[in-house]
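Student: I have a new model on my screen. Please show me how to read it, one feature at a time.

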Amino acid sequence: MDCEAEGPPTSIISRAECNLSQVIFMNVQRFYKPNTDIQCTFCRGKNFASRSKDWIGIFKVGWKTTREYCSWILAWTSVDDAVLFKAYFLPKDDDYYQFCYVDYKGEARGTSIPFQFSNIPEDDDDILMVTTEVGFCLFFSKNFEIKTS
């Protein structure tokens, strides 16, 4: 059975134990229109050797292991370090997601900034980005009241 039929190689190694600086994602949008194809562009570090079973996944923000992917595509199918995620295979909700490059051993090698599958807000200036202590980015309307204790 080939890799496509079985699913991608994954690992139980936690994200915190992986070297996430070997692949960088570029031109990641904060919002992607629902039900449209998405191009994912990335750059591998010069000392990073890719393999045929490396893949790029879409993960819900907060994932812990590479087994928690929502959608995936083999990285070797890329042209000029870009892959196209077809709309049919993308999540349908408006939670926050990120791209992740996963190597042939199932270990994460790079992650993108978070994004949402949502229509772009009419007034994009009303968005406030908050970065948490663990590095997650959350977006709030500037009119949203943040309470502290």
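Student: How many aromatic pairs does the count come to?

Tutor: This is a predicted model, so keep that in mind throughout. Rings of Phe, Tyr and Trp pair if their centres lie within 6.5 Å. By this rule the count comes to 15 aromatic pairs. Take F59 and W63, which form one such pair. Their centres are 4.6 Å apart, with 35° between the planes. That makes the pair tilted.

Student: Are F59 and W63 buried or exposed?

Tutor: F59 is buried, and W63 is too.

Student: Which residues form one aromatic cluster?

Tutor: The cluster holds F25, Y32, F42, F48, F85, Y97, F99, Y101, F115 and F117.

Student: Let us step back to the whole chain. How many helices and strands does the protein have?

Tutor: There is 1 helix, and there are 11 strands. Read along the sequence, the helix comes ahead of the strands: α-β-β-β-β-β-β-β-β-β-β-β.

Student: What share of the residues is buried?

Tutor: Buried means under 20% relative accessible area. Of the 149 residues in the protein, 40% are buried. The protein exposes about 9,200 Å², and carbon and sulfur atoms supply 50% of that area.

Student: How do I read contacts along the sequence?

Tutor: Look at how far apart the partners sit. Take the contacts between residues at least 6 apart in sequence: 62% of these join residues at least 24 apart.

Student: Now the interior. Which residues have the most contacts inside the largest nonpolar core?

Tutor: First, the general idea. In soluble globular proteins, nonpolar side chains tend to be buried together. Here the largest nonpolar core has 19 residues, and F25, I56 and F99 have the most contacts inside it. The elements that give this core two or more residues are β1 (23–26), β3 (38–44), β4 (55–60), β6 (82–85), β7 (96–102) and β9 (115–117). Apart from that core lies another, of 8 residues, with F59, W63, W72 and C100 among them.

Student: What is I56 in contact with, leaving aside its neighbours within four places in sequence?

Tutor: I56 is in contact with F25, C40, F42, S71, W72, I73, A75, V83, F85, F99, C100 and Y101.

Student: Why is β4 largely enclosed by the rest of the structure?

Tutor: Count its buried residues. In β4, 5 of the 6 residues are buried, so the rest of the structure largely encloses this strand.

Student: How do I read strand pairing, and which way does β4 pair with β5?

Tutor: Strands of a sheet pair through backbone hydrogen bonds, either parallel or antiparallel. β4 and β5 (residues 69–74) pair in the antiparallel sense over 5 bridges. Use W55 as a landmark: it stands opposite L74 in β5. β4 also pairs with β7, in the antiparallel sense over 6 bridges. There, G57 stands opposite C100 in β7.

Student: Which strands form the open sheet of 3 strands, and in what order?

Tutor: The order is β1-β3-β6, with antiparallel pairing. β1 and β6 stand at the edges with a single partner strand each, so one side of each has no neighbour in the sheet. The twist averages 30° from one strand to the next. β3 and β6 pair over 4 bridges. T41 stands opposite A82 in β6.

Student: How should I read side chains along a strand?

Tutor: In a regular strand the side chains alternate between the two faces of the sheet.

Student: Now the loops. Which phi value does N27 have?

Tutor: N27 has a positive phi of about 55° although it is not a glycine. N27 is in the loop between β1 and β2 (31–32). N27 counts as exposed because its relative accessibility is 62%. N35 also deserves a look. Its phi is near 60°, a positive value in a residue other than glycine. N35 is in the loop between β2 and β3. At 63% relative accessibility, N35 counts as exposed.

Student: Where is K105?

Tutor: K105 is in the loop between β7 and β8 (108–111). Its relative accessible area is 44%, so K105 is partly exposed. Now compare sequence with space. K105 and P9 are 96 residues apart in sequence, yet 6.3 Å apart in space, C-alpha to C-alpha.

Key: Residues are numbered from 1 along each chain as its sequence is written. This is a predicted model: local features need pLDDT of at least 70, side-chain atom pairs count only at pLDDT 80 or more; totals for chains, interfaces and linings use all residues. Side-chain values use heavy atoms; hydrogens and water are left out. Buried means under 20% relative accessible area, exposed over 50%, partly exposed in between (1.4 Å probe, protein chains only). Contact means heavy atoms within 4.5 Å. Accessible areas come from the Shrake-Rupley method with a 1.4 Å probe; for residues, only the protein chains shown count as cover. A nonpolar core is a set of buried Ala, Val, Leu, Ile, Met, Phe, Trp, Tyr and Cys residues joined through side-chain atoms within 4.5 Å. Rings of Phe, Tyr and Trp (its six-membered ring) pair if their centres lie within 6.5 Å; planes under 30 degrees apart count as stacked, over 60 as edge-to-face and the rest as tilted. Two strands pair if DSSP finds at least two bridges between them. Axes are lines fitted to C-alpha atoms, for helices over the stretch in contact, and angles run from 0 to 180 degrees between N-to-C directions.
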